[in-house]
Amino acid sequence: MSLISWLRWNEAPSRLSSRSPAEMVLETLMMELTGQMREAERQQRERSNVVRKVCTGVDYSWLASTPRPTYDLSPSERLQLEDVCVKIHPSYCGPAILRFRQLLEEQEPEVQEVSRLFRSVLQEVLERMKQEEEAHKLTRQWSLRPRSSLATFKTRARISPFASDIRTISEDVERDTPPPLRSWSMPEFRAPKAD
């Protein structure tokens, strides 16, 4: 037994991965896609075996070996999916996988449809990222915007709800009639007469 491996304990631990987060997201999502495609193909094979068994009444599944996967993505489709996967932020990778699995469970698609579902999930995630980025940008704008106080508002606009340049009929009537006598508990208020 060599002592060299025992003497390496004081070396600095090597970094686990020198890949960028975008590469790790790409690899994770593409591995999920290939795994789900294999699973969909296996389920499709099982369904066809069940139908064959029902039709013929004989089960030869114990005799047959598992065939190799027959469906694979075209290189152009794979590149397009990889291009979309790179755009996804690492914090959205997990929710994207969960949504993809949920759709696969709900729809039970054929193997050829799995990549289409995957693309739709990635588009949903990109849209959600864009919406959250816009919302974050708006909140940042509002938080950085200087606050205007109520005092500056008062100096900019003087509001007088009872002063109006528009003459109304009720003003003319009120001006000609004497003010009604008030009860003893109420003080008498008189408006200054405008000449």
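Two residues count as being in contact here when their heavy atoms lie within 4.5 Å. Keep that cut-off at hand as we walk through this predicted model, starting from Leu 122. Setting aside neighbours within four places in sequence, Leu 122 is in contact with Leu 29, Leu 81, Val 84, Cys 85 and Ile 88.

Let's step back to the whole chain. Its secondary structure consists of 7 helices and 0 strands, so reading from the N terminus gives α-α-α-α-α-α-α. Confidence is worth a look before going further: the average pLDDT is 78, and 61% of the residues score at least 70. Among the elements, helix α4 (residues 93–107) has the highest mean pLDDT, at 94, while helix α1 (residues 4–7) has the lowest, at 52.

How do the parts of the chain meet? Of the contacts with a separation of 6 or more, 77% are between residues 24 or more positions apart. Of the 195 residues, 17% count as buried. The chain exposes about 16800 Å², and carbon and sulfur atoms supply 58% of that area.

Now for the interior. The largest nonpolar core has 27 residues, and those with the most contacts inside it are Leu 29, Leu 33, Ile 88, Phe 100, Phe 118 and Leu 122. Helices α2 (21–56), α3 (75–86), α4 and α5 (111–144) each supply at least two residues of this core. The largest share, 9 residues, comes from α5. Leu 122, our starting point, is thus a familiar name on that list of well-connected core residues.

Two of the core's phenylalanines deserve a closer look. The structure holds 1 aromatic pair, formed by Phe 100 and Phe 118 in an edge-to-face arrangement, with 5.0 Å centre to centre and 70° between the planes. Why is it called edge-to-face? The angle of 70° between the planes is over 60 degrees, and therefore the pair falls in that class. The pair links distant parts of the chain, with Phe 100 in helix α4 and Phe 118 in helix α5, 18 residues apart. Both rings belong to buried residues: Phe 100 has a relative accessible area of 0%, and Phe 118 has 2% relative accessibility.

Finally, the cysteines. A search of the whole structure finds 0 disulfides. Cys 85 is in none, because the nearest cysteine sulfur, that of Cys 93, is 8.3 Å away, whereas a disulfide needs the two sulfur atoms within 2.5 Å. Cys 85 is buried, with a relative accessible area of 0%, while Cys 55 is exposed, at 65%.

Technical notes:
Residues are numbered from 1 along each chain as its sequence is written. This is a predicted model: local features need pLDDT of at least 70, side-chain atom pairs count only at pLDDT 80 or more; totals for chains, interfaces and linings use all residues. Side-chain values use heavy atoms; hydrogens and water are left out. pLDDT is the predictor's confidence in each residue, from 0 to 100. Helices (H or I, at least four residues) and strands (E, at least two) are DSSP runs, numbered from the N terminus. Buried means under 20% relative accessible area, exposed over 50%, partly exposed in between (1.4 Å probe, protein chains only). Accessible areas come from the Shrake-Rupley method with a 1.4 Å probe; for residues, only the protein chains shown count as cover. A nonpolar core is a set of buried Ala, Val, Leu, Ile, Met, Phe, Trp, Tyr and Cys residues joined through side-chain atoms within 4.5 Å. Rings of Phe, Tyr and Trp (its six-membered ring) pair if their centres lie within 6.5 Å; planes under 30 degrees apart count as stacked, over 60 as edge-to-face and the rest as tilted.
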